[in-house]
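Let's take a walk through a protein model and look at how some of its charged side chains pair up. Have the viewer ready and follow along.

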Amino acid sequence: MSRAVIKPTAKPINKYPMYWAECFGTAPFLPTTRQEMDALGWDSCDIIIVSGDAYVDHPSFGMAVIGRVLEAQGYRVGIIAQPAWDNKDAFMTLGQPNLFFGVTSGNMDSMINRYTADRKLRHDDAYTPNNEGGKRPDRAVLIYSQRCKEAYKDTPIIIGGIEASLRRLAHYDYWSDKIRRSVLFDAKADILLFGNAERALIEFAYRVANGEPIEQITDIAGTAVIIKEIPEGYTEVDSSRIEKPNKAMVPKMLNPYQTDTSCKNDTDKVKEKTAATAQVITVRPSRHDAKTTVVRIPSYEKLKTDKVLYAHAARVMHLETNPYSGRALIQQHGDRELWVNKPPIPLTTEEMDFVFDLTYARVPHPAYGNAKIPAYDMIKTSVNIMRGCFGGCSFCSITEHEGRIIQSRSKESILRELGEIRDKVPGFTGTISDLGGPTANMYRLGCSDPKAEINCRHPSCVFPKICSKLNTDHKHTIDLYKEARKVPGIDKILIASGVRYDLAVTSPEYVKELVTHHVGGYLKIAPEHIAKDTLDLMMKPEMTSYDEFKDMFYKFSAEAGKKQYLIPYFIAAHPGSTDEDMLKLALWLKGNDFECDQVQNFYPSPMSNATAMYHSETNPLKRVKYKKKGEELFVAKGERQRRLHKAFLRYHDPANWPLIRSALTRMGMKYLIGTKSHCLVPSEFEEDRVAASLRTRESSRHGSKRFATKNPKQPDIRNDKATFTKSKAINYKAKVTSDVDNKVVVKTKATSAKPKRKPNRSSGPALGARVDRV
């Protein structure tokens with residue numbers, strides 16, 4: 001009889017002994033001034049959190065969650081929100097903390113918060129009262145940490161949150177266009193916590209409170225520290241020996257980073273191979289040494305000068321993120337070593353309930369008066385039902401931060417929060433804006449095989465196809481929706497989180513429930529692109545899944561007698577997406593009558609796989625190699641090239657027509673210029689007349705431009721149900737296909753035109769001028 005597999009566990013976060021200060025109880029708001037501390041009877045704070053966000057006591061704001069979790073352990077926690085950073089004074093307003101400073105940039109990376117994907121300065125900040133920009137510094141974690149050190153040099157500093165989490169290793173920095181050291185070195189902090197970090201933070205606080213020297217706390221999962229030498233009992237393995245760039249594996253040596261789509265564990269594979277060959281073989285399990293092995297990735301100094309080696313390091317990091325079998329990483333920075341412990345064990349449902357059931361005021365701190373905080377207004381009536389994402393999209397960093405194992409709350413906890421919103425949120429109208437998380441429909445989904453889950457290194461459970469071991473039953477989500485609608489005082493529940501449509505189509509019952517009861521007219525989904533090569537690099541499903549979901553969506557909308565539309569989102573200038581790929585996407589948009597008003601170029605955020613592609617111009621989703629000139633992965637870089645890709649998404653905007661015409665001429669596709677049905681943009685001589693007709697249309701039906709994507713020819717599905725059961729592109733005269741050389745060909749009913757020369761996939765002289773800084 002086979003032995004049951006038991007996953008590794010960790011000490012529950014609510015089972016640590018309480019700190020002595022628990023006698024002070026729960027504060028209505030965590031104090032932000034000495035006057036508030038005095039009112040609570042505190043003479044000092046045990047822990048002070050410094051954040052780049054305004055203080056909103058709500059479970060969607062990381063500062064509030066961490067503060068309330070620590071308070072629940074008995075600690076007195078103070079908040080310094082958006083302090084002036086030109087000197088140390090603001091960092092001394094609450095006095096010196098007894099245990100440590102906790103520093104975070106806030107819910108957003110400070111650089112992404114401050115700059116657009118084109119490195120243009122933003123002048124607003126949704127996490128600041130009155131949407132005012134400039135209230136946090138660039139690289140906030142660094143600046144805040146340095147000011148804390150100036151204020152009280154002997155007080156330990158821990159850094160965390162999204163900004164620190166995604167910079168825990170040497171990383172490519174898009175804004176300076178260079179490789180930067182781990183943020184732990186530049187911030188001069190004592191320890192870095194990555195991920196949501198409740199588990200690591202509670203253990204760290206407990207050990208510090210009990211007098212353990214901070215320099216000895218180096219073994220907490222989910223943390224990174226600077227060390228002098230490898231801890232006793234660990235064996236070091238060089239990542240470039242396990243998977244050497246450009247060279248095959250050492251004979252008979254198992255490559256633990258070789259992945260397939262079967263999600264079979266090593267024991268299954270050994271049995272299959274043994275049965276096939278009838279020979280005894282020796283296999284090195286992928287996890288037998290996880291507790292005693294550290295993987296050395298290339299040093300910061302090497303990564304600065306070797307882009308392929310950077311892609312290799314990024315690949316290894318992503319494949320060591322399994323919290324059950326992942327190994328610690330070590331990386332040299334000069335004469336010091338960065339030690340990154342394995343990821344923390346995911347929170348259980350009971351622990352998730354503990355975190356979200358804590359006492360939150362659910363409103364901004366009273367000090368802000370009547371000032372509007374846009375981020376709060378957007379989420380004040382939404383409920384976070386889960387964490388994590390197993391989609392693995394290469395342009396997204398959620399997996400690197402929260403992990404790919406879904407951590408779900410109980411239905412009872414979620415329903416309790418709905419009651420809290422009804423009773424506590426000022427001006428509540430009865431509408432819940434969202435029941436979701438990183439993805440709307442991954443609630444209580446996960447691997448059905450514990451042994452496979454423990455060993456799996458595959459970066460996605462749904463790409464290139466849905467894993468056979470993945471539980472895709474949406475019954476828990478459907479049941480949650482039904483029960484939530486029964487809560488007294490709740491009139492309407494919308495789903496605003498993105499729906500993973502390739503998962504949704506496995507459960508028509510879910511799609512029907514969603515469409516019938518939880519769509520407010522428009523539902524956003526994210527195909528991101530239509531070109532297969534680009535979708536493969538994004539780790540997104542092919543458009544057949546989109547078409548299948550679209551058919552279900554409009555079918556069930558018609559059955560419910562509702563007029564509802566899909567709003568697809570797309571990314572421009574993603575690594576691997578060529579000018580020809582973006583042209584295909586533009587023609588698809590036109591053929592389906594979509595006009596994108598708010599679009600964005602790919603944003604190379606730290607630590608994502610796509611950012612490694614952007615910097616290295618190679619694909620880290622497979623073993624990397626040094627390539628000959630001309631074989632590199634195409635990446636749209638420079639202002640003009642990225643502006644062109646964005647312009648293709650907004651083909652209908654007259655401001656983009658000159659740039660698109662220039663590109664079409666260069667690509668040998670002038671037949672797409674004109675006013676015929678197959679053309680993309682009008683000619684220079686026709687544009688004034690066409691632009692005038694567009695202005696007339698926008699001033700009427702779509703003058704408000706309320707939506708990021710709109711369809712100017714949406715029919716009323718109550719009167720034209722059949723229209724929604726097949727693609728509108730069928731009736732479109734122009735159909736985009738690709739020949740064997742990936743040349744774009746536009747076929748019309750009357751004629752078939754081909755380019756006179758092979759398209760230049762790396763952009764021609766007219767668009768090839770590299771402008772790396774804006």
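Which kind of contact do the side chains of Arg207 and Glu212 make? They meet in a salt bridge, with 2.9 Å from N to O. Keep in mind that this is a predicted model. How hidden are these two partners? Arg207 counts as buried because its relative accessibility is 14%, under the 20% cut-off. Glu212, on the other hand, has a relative accessible area of 25%, so it is partly exposed.

Now jump further along the chain to Arg666 and Asp579. Their side chains also meet in a salt bridge, this one at 2.7 Å from N to O. Arg666 sits in helix H25 (residues 657-666) and Asp579 in helix H22 (residues 579-591), so this pair ties together parts that lie 87 residues apart in sequence. Both of these residues are buried.

Let's go back to Arg207 for a moment. Salt bridges with shared partners link Arg207 and Glu212 with Glu203 and Asp219, and the four form one network.

Next, find Arg167 and Asp109. Here the salt bridge between the side chains is 2.2 Å, again N to O. This time the partners come from loops: Arg167 is in the loop between helix H5 (161-165) and strand S5 (171-173), while Asp109 is in the loop between strand S3 (100-103) and helix H3 (110-114), so the pair ties together parts 58 residues apart in sequence. Arg167 is buried, and Asp109 is too.

And how many salt bridges does a search of the whole structure find? The count comes to 43, so there's plenty left for you to explore, going by what counts as a salt bridge here.

Methods. Residues numbered from 1 in each chain as written. Predicted model: local features only at pLDDT ≥ 70, side-chain atom pairs only at ≥ 80, totals over all residues. Heavy atoms only, no water. Helix = DSSP H or I, 4+ residues; strand = E, 2+ residues; numbered from the N terminus. Buried < 20%, exposed > 50% of the residue type's maximum accessible area, 1.4 Å probe, protein only.
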